[in-house]
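Biologist: I'm new to this one and would like a close look at a single part of it. Could you walk me through the sheet, and then show me how it sits in the whole?

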Amino acid sequence: MPPKRKRAAIIGIGAVKVGRYPERQESELALQVIRDALKDAQISSRQIDGLFTTPDLQGNIGLQTNLLCEYLRISPRSMAEICCGAIAGGLTLKYAADEIQAGRIKAALCYGAVREGSIGWFKNLSQGKGWSMIEPTALQPYAAYGIIWAYALSARRYMHETGATEADFALAAVRNRKNAAGNPAAAFAKPITVEDVLRSRCLSSPIKLLDSAASLDGAAAVVVVSEEAARDLSPHPVYLQGWGLHHDPSCVIPTDNCSTSISHFKATREAAREAFQKAGIRPGDVDVAEIYAPFSSHELIIPEDIGWFQNGEMAQALRKGETEIGGRIPINTDGGLTSRGHPWAATPLYETVNIVRQLRGTAGPIQVRGAKVGLMHCEGGMMNNGLVMIFGRD
Amino acid sequence: MTSKPNFLKPTNLESPGAIQFWEGLQEGKFLAPRCKHCGELFFPPRSHCPECLGDSLSWEELSGKGFLYSWTELFFAQPEFDTPFFLGLIDLAEGIGRIAARISVKTAEELHIGMPVRIRISKPGEWMALYYAEPSDPGS
């Protein structure tokens with residue numbers, strides 16, 4: 001069993017419906033979800049002594065915590081705006097938990113607010129202002145307009161190695177959409193079929209529009225406290241039982257060697273291995289999972305990397321409904337990136353919010369009965385790094 | 001193969017380590033740096049050797065041969081490109097790295113993962129020269 005001493009626990013959650021908020025400031029969205037998370041935790045903002053957030057690409061870079069400290073009238077003893085690609089939202093939880101476990105702080109707020117998705121960022125990239133993100137020489141001439149092409153190369157290689165088909169990928173998109181219908185915070189609720197996915201506009205083969213996550217606005221916040229405080233404060237604390245973190249020596253598409261796989265990812269595997277080890281559980285012990293798959297193809301790849309299935313088994317698992325609610329390992333019960341929507345920096349916090357709801361037993365129509373152990377996975381680049389967190393009711 | 005490559009001015013001309021690479025392309029050469037300190041031949045070109053972090057580099061011409069590792073048909077890209085086009089991810093024959101390049105085929109049926117390809121250098125013109133890839137002739 002994992003050591004029970006000094007664990008961190010989540011006692012408050014808040015999230016807005018994923019969508020478009022053109023009339024709102026990011027700080028407004030942040031304050032709204034922070035207020036909801038504090039209310040849910042039944043604590044006052046004055047009790048917050050840690051503040052951790054994700055990058056703001058709209059212009060307040062580096063000064064978000066300053067703004068929020070004044071807006072909330074709080075004086076944290078630990079704070080950071082964490083910028084590490086899309087994994088940042090998960091890292092806010094990790095660093096908050098570290099500080100709590102070290103005894104430096106008692107109650108942390110982790111939040112992410114995204115407005116206008118990453119549109120401005122991709123626009124910059126298309127104008128050559130973001131080239132350093134992607135290997136400048138080997139990939140740069142064709143790398144504009146996002147990184148769908150990179151995921152497409154990964155998906156194609158996975159198909160080649162495992163025999164998976166575009167229809168298999170579509171099954172994951174359909175599953176996510178079905179789940180999203182039961183999540184009021186999801187952006188897309190209209191049911192879709194495999195045929196709809198296969199007929200949707202091709203972006204970068206084999207990836208089509210309905211295989212893809214929509215970059216949207218959103219905000220989510222989580223209150224993290226010590227285990228001792230959680231027992232006093234909360235009727236339903238959710239404990240961080242273990243986490244794993246890994247970065248592979250690669251940047252989006254690994255280009256500086258010919259041996260790094262793009263059909264499966266070492267960073268996910270290492271992060272999962274460490275997380276299971278720390279939590280003292282096995283993959284099969286997880287009752288509900290949220291994985292960070294920007295495209296339906298990676299809904300097949302990531303569960304194999306985490307260890308629920310052998311390489312190439314996920315297509316069959318999808319056909320058999322093993323990842324649906326009520327199945328062997330329900331994945332992305334809130335709709336995942338493709339149907340809940342993908343306010344990129346906030347996405348890992350949305351995933352966490354859903355896991356907390358599932359473990360509290362308050363997830364409504366998408367509830368996995370009796371869920372006791374939940375897993376949250378997020379990543380940065382193209383699975384170049386990975387963070388896996390395991391949460392439990394006890 | 002009479003494919004007309006697209007041209008796009010590289011945005012990282014000032015990038016240390018890449019200048020010689022782009023200049024090499026203009027001269028019709030596909031170059032990779034070798035570290036003068038530890039001898040590592042590496043790709044993509046960078047300012048510092050990824051093995052020993054040495055920054056004294058010499059430049060060697062690569063064979064331009066490679067193997068198709070994966071591919072996609074891209075339906076949107078920067079306005080300078082005609083879409084759709086095929087993009088290949090190519091393992092360089094030297095085994096030192098991979099390169100993403102437009103691949104000059106007209107249909108997906110012409111592409112097979114593992115097939116031999118060659119990096120070709122488009123003619124210098126108004127824009128900076130770029131590379132593309134084409135299927136290798138049998139036996140070449």
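In what order do the nine strands of the open sheet in chain A run?

Modeller: Happy to, and keep in mind that this is a predicted model. The order is S3-S2-S4-S7-S1-S8-S11-S10-S9, and the pairing in this open sheet of chain A is mixed. At the edges you'll find strand S3 (78-81) and strand S9 (288-290) of chain A, each of which pairs on one side only. If you look from strand to strand, neighbours in this sheet are turned against each other by 25° on average, direction ignored.

As a bit of background, strands of a sheet pair through backbone hydrogen bonds, either parallel or antiparallel.

Now let's zoom in on S7 of chain A, which sits between S4 and S1 in that order. On one side is strand S1 (residues 8-15) of chain A, which pairs with strand S7 (residues 218-226) of chain A in the antiparallel sense, over seven bridges. You can pick out single partners here: A:Ile10 stands opposite A:Val224 in S7(A), and A:Ala15 stands opposite A:Ala220 in S7(A). On the other side, strand S4 (residues 107-114) of chain A runs antiparallel to S7(A), and eight bridges join the two. One pair to look for there is A:Cys110 with its bridge partner A:Val222 in S7(A). With nine of its nine residues buried, S7(A) is largely enclosed by the rest of the structure.

Next, move along to the part of the sheet that holds S8, S11 and S10. Helix H9 (residues 266-279) of chain A lies across strand S8 (238-247), strand S10 (373-380) and strand S11 (385-392) of chain A. Against S8(A), helix H9 of chain A runs at about 145°.

Let's step back to the whole chain around the sheet. Chain A has 13 helices and 11 strands. Its radius of gyration is 20 Å, close to the 21 Å that the globule rule gives for 394 residues, so chain A is as compact as a globular protein of that length. Along the principal axes, the C-alpha atoms of chain A fill a box of roughly 55 × 45 × 40 Å. Of the 394 residues in chain A, 60% are buried. Take the contacts in chain A between residues at least 6 apart in sequence: 78% of them join residues at least 24 apart.

And then there's the partner chain. Chain B has one helix and seven strands, and along the sequence they follow the pattern α-β-β-β-β-β-β-β. Buried residues make up 35% of the 140 residues of chain B. For contacts in chain B with a separation of 6 or more, residues 24 or more positions apart account for 51%.

The domain assignment splits chain B into domain 1 (13-61) and domain 2 (63-140). Where the two touch, 10 residues come from domain 1 of chain B and 11 residues from domain 2 of chain B. On the domain 1 side of that contact in chain B, helix H1 (residues 19-26) gives the most, with three residues. By class, that side of domain 1 of chain B has eight nonpolar, two polar and no charged residues.

Notes. Residues are numbered from 1 along each chain as its sequence is written. Chains are lettered from A and ligands numbered from 1 in the order in which they are written. This is a predicted model: local features need pLDDT of at least 70, side-chain atom pairs count only at pLDDT 80 or more; totals for chains, interfaces and linings use all residues. Domain bounds come from an automatic or database domain assignment. Two residues are in contact if their C-beta atoms, placed from the backbone, lie within 7 Å. Helices (H or I, at least four residues) and strands (E, at least two) are DSSP runs, numbered from the N terminus. Ala, Val, Leu, Ile, Met, Phe, Trp, Tyr, Cys and Pro count as nonpolar, Asp, Glu, Lys and Arg as charged, and the others, Gly among them, as polar. The radius of gyration is taken over C-alpha atoms; the globule rule is 2.2 Å times the number of residues to the power 0.38. A residue is buried if 20 or more other C-beta atoms lie within 10 Å of its own, exposed if 12 or fewer, and partly exposed in between; C-beta atoms are placed from the backbone. Two strands pair if DSSP finds at least two bridges between them. Axes are lines fitted to C-alpha atoms, for helices over the stretch in contact, and angles run from 0 to 180 degrees between N-to-C directions.
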